[in-house]
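The report that follows is a guided reading for someone meeting this structure for the first time. It is best read with the sequence and the 3D view side by side.

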Amino acid sequence: MTGISSLAGSKPNGLKVMIVDDDPIALEMLANFLQVAGYNVELASNGKEALEKMRHYAPRIVISDVDMPEMNGVELCRAIRNRQSIQYTYLILLTSHSDSDSVLLGLDAGADDYLSKPFRHEELRLRLEGGRRLLTLEGRDMMIFSLAKLAESRDQDTGTHLERIREYSKVLATELMSWPKFEHVVDAQFVELIYLTSPLHDVGKVGIPDSVLLKPGKLTPDEFEVMKRHTLIGGETLSASAQAYPEASFLKMALDIALKHHERWDGTGYPFQLKGEDIPLSARIVAVADVYDALTTKRVYKPAFTHETAADIIYKSRGSHFDPDLVDAFAKVEEQMRCIRYELDECSVAIKKPAAVSPLPIQCENNLAGVSYPRCSPSHPL
Amino acid sequence: MLAASHALAMPASFDQIKLLERCMGNGALMQKLLVEFLKSLPIEKESLEEAVQTEDWSSVARISHKMRGTALNMCAKPLSDAALQVEIVARAIQMDLVEHRCIELNQHIEMLMNALTREASKA
């Protein structure tokens with residue numbers, strides 16, 4: 001396959017690539033290939049010049065020769081990896097060296113990939129595809145979390161809620177991975193996806209008016225009906241994306257979670273009163289994670305509960321609010337949940353340090369006479 | 001521009017069809033690179049000779065390595081092979097072999113330059 005024909009399906013969309021080589025012929029030949037392929041190209045004749053240009057050009061991919069004057073390719077890799085950069089730079093070393101020592105030196109210095117000169121069009125195209133996939137994933141993850149953070153930013157009390165939710169969800173899903181019942185359902189990819197998408201569970205709150213979202217104290221029945229709409233708003237938003245990109249499995253999971261994490265095992269949840277396994281597993285997991293977090297943190301409408309109190313509420317809700325399997329999984333990872341709660345403390349709440357970390361005395365400032373459910377729950381005291 | 005049909009009559013110093021492919025079918029680019037290559041060869045050759053005379057073996061290795069890389073890109077396999085031989089003996093500091101390998105390399109450089117000059121005059 002020639003370079004031109006095989007490039008028809010790829011869409012680099014002007015992705016910035018810097019080529020570094022002291023051989024002007026190699027530079028021009030490679031630049032021509034990349035420009036035809038749709039990349040935005042910048043050239044440098046050695047590592048030092050490349051670093052200087054990177055201050056203004058910010059390439060996502062750098063393809064560098066190894067043997068160069070001033071600063072060679074291995075030194076350039078090290079310098080790029082030592083920078084404080086907010087985005088990852090994918091590094092490919094291109095050299096006529098083919099010995100394994102050069103390969104090891106380059107990879108050890110931080111190169112992601114290695115190609116021998118003269119580069120073959122198809123091979124370089126595929127390696128660039130690999131680099132773009134990695135960069136796209138990085139961008140996707142950041143965008144998802146940013147979107148979730150944006151939605152959360154309107155909610156004054158939640159602090160590091162999203163960080164904890166994804167950790168809780170990951171711990172619960174990881175526990176299920178070892179259960180024979182979930183052998184063909186929960187795998188490493190499922191765990192990664194729930195870690196990625198669980199922060200989007202309340203993305204629909206962007207559509208809830210401040211008067212309801214930020215109201216201290218109890219919600220009226222009408223206000224609670226408005227609050228419940230956040231599941232539908234989040235669902236509609238993510239549904240549009242999931243339909244546009246049906247191959248993106250993370251969008252399907254994000255949709256399930258946003259729309260159904262307030263459903264209850266016994267069918268008394270919202271918005272659809274789904275029952276049992278009609279509720280997607282990802283939503284059942286996040287339901288436990290979300291309630292545990294809401295219970296153990298201080299909110300405008302409630303004080304923080306101790307871990308023990310929160311765990312007790314979850315155990316008592318086995319088979320009513322929560323999937324019995326998920327409550328059993330919670331029991332197995334309870335200490336990990338407590339550790340996460342401690343590690344990602346918001347400093348606004350004094351909590352008990354888990355025994356696994358250090359046996360400190362209980363410092364909970366809230367002497368709770370009773371228990372209440374999170375604000376978005378039907379059991380929330382109205 | 002160099003016509004592709006001329007390639008069949010070319011000596012084996014470089015493969016013009018492959019070179020055109022490497023230039024993504026861009027004949028103007030190929031022509032430009034050939035001119036640059038033709039200009040660079042005498043300079044590289046002189047640098048190499050100087051390094052050999054001063055017995056600067058690391059420079060001999062570096063120059064022959066670079067020449068090999070350029071020759072590979074330009075589909076000039078005989079020259080790249082000859083440059084590799086010089087690089088190997090220079091890195092191993094086999095002084096008795098360097099001179100002989102450099103003579104062979106120079107012969108390939110001359111052959112290639114003649115071929116490129118002929119093509120340039122046709123263009």
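A good place to begin is A:V17, which, leaving aside residues up to four places away in sequence, touches A:L34, A:Y39, A:N40, A:V41, A:P59, A:I61 and A:I63. The model in which these contacts are found is a predicted one. A:V17 also belongs to the largest nonpolar core, a set of 66 residues in which A:V17, B:V60 and B:V86 are those with the most contacts inside the core. Helix 2 of chain B contributes the largest share of this core, namely eight residues. A second core, separate from that one, has 50 residues, among them A:M253, A:W265, A:V288 and A:V327. As a general background, nonpolar side chains in soluble globular proteins tend to be buried together.

Chain A as a whole contains 14 helices and five strands, and of its 382 residues 42% count as buried. When contacts in chain A between residues at least 6 apart in sequence are considered, 65% of them join residues at least 24 apart.

Helix 14 of chain A deserves a separate look. Its 20 residues, 324-343, should span 28 Å at 1.5 Å a residue, and because the C-alpha atoms at its ends are 27 Å apart, the expected and the computed spans agree. Even so, helix 14 of chain A bends by about 70 degrees at A:V333. The buried residues of this helix are A:L326, A:V327, A:A329, A:F330, A:M337, A:R338, A:I340 and A:R341, and what covers them includes helix 7 (161-177), helix 12 (281-296) and helix 13 (307-316) of chain A. One of these buried residues, A:V327, is also a member of the second core.

The two chains meet where 19 residues of chain B are in contact with 16 residues of chain A. On the side of chain B that touches chain A, helix 1 (16-22), helix 2 (27-53) and helix 3 (57-73) of chain B each supply at least two residues, and helix 3 of chain B gives the most, with eight residues. Sorted by class, this side of chain B has seven nonpolar, six polar and six charged residues.

Some details of the backbone remain to be described. Most residues other than glycine have a negative phi, and most peptide bonds are trans. The table collects the places that depart from this background.

| Place | Backbone feature | Location |
|---|---|---|
| A:K117 to A:P118 | cis peptide bond, omega about -5 degrees | A:P118 in the loop between strand 5 (113-116) and helix 6 (121-152) of chain A |
| A:Y270 to A:P271 | cis peptide bond, omega near 10 degrees | A:P271 in the loop between helix 11 (249-260) and helix 12 of chain A |
| A:E70 | positive phi, near 70 degrees | loop between strand 3 (61-64) and helix 4 (73-82) of chain A |
| B:C75 | positive phi, about 60 degrees | loop between helix 3 and helix 4 (77-91) of chain B |

Are the two residues with a positive phi, A:E70 and B:C75, buried or exposed? A:E70 counts as partly exposed because 13 C-beta neighbours lie inside 10 Å. B:C75, with 19 other C-beta atoms within 10 Å, is likewise partly exposed, since a residue is buried if 20 or more such atoms lie within that distance.

Technical notes: Residues numbered from 1 in each chain as written. Chains lettered and ligands numbered in written order. Predicted model: local features only at pLDDT ≥ 70, side-chain atom pairs only at ≥ 80, totals over all residues. Contact = placed C-beta atoms within 7 Å. Helix = DSSP H or I, 4+ residues; strand = E, 2+ residues; numbered from the N terminus. Nonpolar A, V, L, I, M, F, W, Y, C, P; charged D, E, K, R; others polar. Expected span 1.5 Å × (residues − 1). Bend = angle between axes of the 7 residues up to and from the residue. Buried ≥ 20, exposed ≤ 12 C-beta atoms within 10 Å, placed from the backbone. Core = buried A, V, L, I, M, F, W, Y, C linked by C-beta atoms within 7 Å.
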